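Hi,

Here is the structure I said I would pass on. Have a look at it first, and my notes on what turned up follow underneath.

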Amino acid sequence: MESNQNTYTISIYTENNIGLLNRISAIFQRRHINIESLNTSISEIEDVSRFTIVVKLEEDRIKKIVGQIEKQVEVIKAYYHTDEETIYQESCMFKLKSDLLFEEREIQNIIKESNARIVTVNKEFFVLEKSGKRNEIEQLYRDFSVYGIMQFVRSGRIAVTKEEMKISQMLTAFN
Amino acid sequence: MDIETVKTTDVATAKTVRISGSEAIIKCMIAEGVETLYGYPGGAIMPVYDELYKYRDQIHHVLTRHEQGAAHAAQGYARISGKVGVALATSGPGATNLITGIADAQIDSTPLVCITGQVASHLLGSDAFQETDIVGISTPVTKWNVQITKAADIPEVMAKAFYIAKSGRPGPVLVDITKDAQFEEFDFSYKKCTSVRSYKASCKPNIEAIQKAANLINGAKKPMIVWGQGVILGKAEAELKAVIEKAGIPSAWTILGASAIPTEHPLNIGMVGMHGNYAPNMLTNECDVLIAIGMRFDDRVTGNLSTYAKQAKVIHFEIDPAEIDKNVKTDVAVLGDSKLSLAELLPFLNETSHNEWHQKFKDLYAIEFEKVIKDDLHPTKEGLTMGEVINQINVQSKGDAAIVSDVGQHQMIACRYAKFNKTKSNITSGGLGTMGFGLPAAIGAKMAAPERDVVVIIGDGGFQMNIQELGTIFQQKVPVKIVVLNNEFLGMVRQWQQLFFDKRYASTEMTNPDFVTIAKGYYIAAKKITKREELAGAIEEMMTHEGAYFLEVCVEKEDNVFPMIPTGASVSDIRLS
Ligand SMILES: Cc1ncc(C[n+]2csc(CCOP(=O)(O)OP(=O)(O)O)c2C)c(N)n1
């Protein structure tokens with residue numbers, strides 16, 4: 001079963017109403033589907049929110065899930081895409097001891113090579129931010145682990161599709 | 001609430017008046033044509049009840065004896081009338097008591113609007129007295145739900161609630177309203193909702209799909225229709241009949257599709273599913289084109305999916321896009337309202353008769369008649385059978401009664417053997433299988449269709465699940481006919497224990513009270529019979545009695561319902577004994 005699973009990014013355009021996250025997550029919960037990551041934000045359309053959800057599933061199941069999501073009254077449109085069809089990123093932050101920045105030459109190289117960005121520095125710690133693919137972030141994590149990480153956090157995936165999503169047309173048709 | 005997302009039309013109350021939120025709720029209901037609602041008062045909904053008192057000439061509130069009864073009564077009302085059923089409850093326990101009825105309405109696509117009171121908005125989330133997160137609790141079992149904390153939101157939310165409950169694939173909507181919003185005054189005006197931008201009720205049938213479907217049907221040698229409740233909800237009975245007759249297609253029904261086409265229609269071949277008829281189940285795995293109309297391939301209908309109708313091309317007429325390919329892969333999907341789709345299909349169909357194919361159904365029916373039906377309807381052994389009781393009701397009502405049933409063996413027997421001349425005559429809990437549904441649902445059904453005979457068939461188990469609604473029947477003078485088929489067992493479970501658990505009758509035997517005395521205690525005319533000779537007379541007395549009537553029939557204790565498809569088996573592995 002596992003072998004037919006693929007990573008899919010689900011993009012859901014919704015009304016910006018309270019309680020919708022509950023409705024959408026319940027669809028996954030009922031079917032015992034683990035959400036790999038979830039992000040909600042505004043979208044390119046005024047008053048319309050966007051959920052970006054990453055799951056690993058078989059294609060026929062993802063189709064059904066998206067059907068169930070679209071069925072929710074406050075969902076305007078839902079899509080699913082493979083990794084190849086999207087441009088996607090995650091973002092992360094590392095909090096590290098300030099001494100490292102000044103005393104370990106190697107740390108500066110890592111920061112440069114990884115295109116990580118220093119967000120803030122003070123006497124005790126400094127904070128790095130890095131956006132990219134999961135494996136780049138994981139590599140950075142491994143590199144810093146050797147020196148000790150004070151705090152680490154990673155965001156859910158955000159993604160845009162290569163193809164156009166015809167959502168705006170749908171909404172103008174309503175008016 | 002976001003005004004731009006909803007399209008509305010003006011109704012009578014377009015001018016604004018300054019009123020309270022609770023009065024607004026009533027005015028919205030009146031504008032939506034609500035005449036009867038079912039409920040139970042309590043602290044958090046008292047302002048609305050106070051207004052109901054003021055409007056008691058315009059809107060009839062029925063006090064049930066339990067909120068579950070209110071929800072089921074509203075369901076019965078909705079199912080027989082095709083209108084939205086309304087239930088009202090207070091916060092906390094009142095609201096949670098509605099949940100079973102809401103879940104039942106969700107899975108059986110019944111339009112309901114449930115209004116619950118909620119603690120004042122400044123107390124939300126504080127574990128206040130009788131506070132529960134009913135929006136959270138009801139989320140997975142509602143088509144839509146919402147909480148109102150400001151009176152000004154009431155008209156738009158109520159309009160949206162009624163529109164969503166009844167349009168597209170109908171379902172239950174819950175509106176939770178805080179007590180302060182009920183008291184708050186605002187400038188009221190009401191506009192009916194006609195569309196919501198994020199919600200597509202239905203779509204126009206796609207003509208290419210219809211033509212494809214017609215081609216498949218015209219080319220079929222062994223076509224078979226299975227219709228479901230979508231036909232009734234879509235008011236497509238006449239269109240279905242025209243299709244069936246023109247194309248000469250043997251047609252079967254799911255439990256909730258029952259009565260859409262009269263029982264006696266020559267192309268009506270009976271019920272599919274676990275306790276359905278032998279022929280349609282067997283021949284599902286032989287037909288070459290299976291035409292599913294307004295049904296969702298429930299597992300009680302399909303049995304084992306991996307062997308279900310594998311040889312057939314499948315055409316699915318369906319209003320809910322999420323149902324397409326959910327359980328059974330289709331070759332042609334026709335999305336949209338069944339009334340429109342079937343009307344569009346008709347002119348493309350060839351006139352055919354499929355006599356030889358139809359003969360196969362008749363032959364298998366003869367086998368089922370010999371092995372099962374004969375003994376159910378015309379038994380020769382001593383004990384009364386459930387089947388002969390239903391048969392006697394058919395005789396007395398001439399097939400014109402609406403039959404409400406509870407859940408268990410008696411339900412399967414009622415659905416198998418009740419004769420239906422008219423549509424919307426079979427009211428039962430199909431998807432959830434809720435014991436306790438029958439008695440309150442019968443109240444709603446009879447109140448919505450007072451001109452019809454409403455007979456409710458209940459087991460001794462299910463009767464005791466909402467027995468308190470006898471009080472509602474008495475107080476409201478609802479002339480329903482109540483038949484309890486008493487086998488002193490939770491019969492359906494006992495049947496499974498007999499067949500699959502070595503007859504270990506764990507906790508299924510029931511020692512029952514004197515039901516007749518209880519009914520009489522509620523001032524309901526009542527009788528108990530134990531012998532065949534008494535049956536016809538008792539049913540006649542019941543049917544001709546002016547008011548409500550309670551009849552207890554002591555039936556054979558360990559009868560079983562056959563045919564039967566054991567769980568997980570293929571539909572063509574259907575057992576006759
Ligand atoms: C609320 C609820 N609880 C449990 C069940 C499981 N159940 C299904 S049928 C049945 C037995 C019903 O017994 P009875 O009402 O006496 O009817 P009979 O089967 O004997 O006709 C039970 C317990 C159910 N369907 N609903």
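Let's start with the ligand: 18 residues surround it, and those that come nearest are Gln409(B), His410(B), Gly433(B), Gly462(B) and Gly491(B). (A residue is near a molecule or strand if one of its heavy atoms lies within 4 Å of it.) Before you go further, bear in mind that this is a predicted model, where local features need pLDDT of at least 70, side-chain atom pairs count only at pLDDT 80 or more, and totals for chains, interfaces and linings use all residues. Residues are numbered from 1 along each chain as its sequence is written, chains are lettered from A and ligands numbered from 1 in the order in which they are written, and side-chain values use heavy atoms, with hydrogens and water left out.

By class, that shell has eight nonpolar, nine polar and one charged residues. (Ala, Val, Leu, Ile, Met, Phe, Trp, Tyr, Cys and Pro count as nonpolar, Asp, Glu, Lys and Arg as charged, and the others, Gly among them, as polar.)

Which atoms sit across from the ligand's oxygens? A polar backbone atom of Gly462(B) is 2.8 Å from a ligand oxygen, a backbone N or O of Gly461(B) lies 2.9 Å from one, and a polar side-chain atom of Asn487(B) also lies 2.9 Å from one. (A polar contact is a pair of N or O atoms within 3.5 Å.) On its own the ligand exposes 590 Å², of which the protein buries 77% (accessible areas are Shrake-Rupley, with a 1.4 Å probe). Helices H16 (409-417), H18 (460-463) and H20 (491-500) of chain B are the elements giving two or more residues to the shell. (Helices, H or I with at least four residues, and strands, E with at least two, are DSSP runs numbered from the N terminus.)

Chain B also has an open sheet of six strands with parallel pairing, in the order E4-E3-E5-E6-E8-E7 (two strands pair if DSSP finds at least two bridges between them). E4 (60-63) and E7 (144-148) of chain B are at the edges with a single partner strand each, so one side of each has no neighbour in the sheet. E7(B) pairs with E8 (172-178) of chain B in the parallel sense over five bridges, and Asn145(B) stands opposite Leu174(B) in E8(B).

Over in chain A, E2 (35-42) and E3 (48-57) pair in the antiparallel sense over seven bridges. E2(A) and E3(A) form a hairpin with five residues between them, and Asp47(A) in the turn has a positive phi of about 70°.

Cheers

Methods
A polar contact is a pair of N or O atoms within 3.5 Å; within protein, one must be able to donate a hydrogen and the other to accept it, and residues adjacent in sequence count only if both atoms are side-chain atoms.
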